[in-house]
Amino acid sequence: MALLPILEFPDPRLRTKAAPLSAGEVTDPAFQTLVDDMFETMYDAPGIGLAASQVDVHKRFMVIDVSEDKSAPMVFINPEIVDKDGGKVYQEGCLSVPGIFADVTRADRITVRYLDRHAQPQELTTDGLLAVCVQHEMDHLDGKLFIDYLSPLKREMVRKKLAKARKHVA
């Protein structure tokens, strides 16, 4: 397995809309290796979700594990939210926007249809952290970031803060 580079805002590649995967792509051994690499990258970051778009692979899939002990890895391929209910404000962060956290309103309960890593159709109804994480990662697949929910002024402040942080690292 290998760690993959995570794209960071304002990289324009984060705005690319991901393409669906075919059944053949899902069963390809190279895809399974990529899934394993994404889990390793997410756990190392550390994070609880990682969309393929964040590692410059513009295909519709994501990996998630919201467990405390990294024991519940989930793969969502070609996910589609088919029902949502309620609304709640959650504080979100993102591996592509390091060190930034903001309140975002998300559906509190969702039902999502997807293929698992073995191309088997699944449907999951969930709430709380997992529901928020699925919505957040699905936004990435549509070229959207959680900071897009912020005002233009706050978004610009985030951009400047990240640019300043990068200068201090360089």
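Me: What makes Lys 17 exposed rather than buried?
Reply: Lys 17 has a relative accessible area of 58%. Exposed means over 50%, buried under 20%, and partly exposed in between, with a 1.4 Å probe and protein chains only, so Lys 17 counts as exposed. This is a predicted model in which local features need pLDDT of at least 70 and side-chain atom pairs pLDDT 80 or more, while totals for chains, interfaces and linings use all residues. Residues are numbered from 1 along each chain as its sequence is written, and side-chain values use heavy atoms, leaving out hydrogens and water.

Me: Why is the contact of Lys 17 with Asp 142 called a salt bridge?
Reply: The term asks for a side-chain nitrogen of Lys or Arg within 4 Å of a carboxyl oxygen of Asp or Glu. The closest N and O atoms of Lys 17 and Asp 142 are 3.2 Å apart, so the pair fits the definition. The two residues are 125 residues apart in the chain.

Me: How do you know whether Asp 142 is buried or exposed?
Reply: Its relative accessible area is 36%, and therefore Asp 142 is partly exposed.

Me: What makes Glu 156 and Arg 159 a salt bridge pair?
Reply: Their side chains meet at 2.5 Å, N to O, so they satisfy the cut-off. Both lie in helix α4, 3 residues apart, which is about one helical turn.

Me: Why is Arg 159 called partly exposed?
Reply: Arg 159 has a relative accessible area of 32%, so the label partly exposed applies. Glu 156, at 31%, is partly exposed too.

Note on methods: Helices (H or I, at least four residues) and strands (E, at least two) are DSSP runs, numbered from the N terminus.
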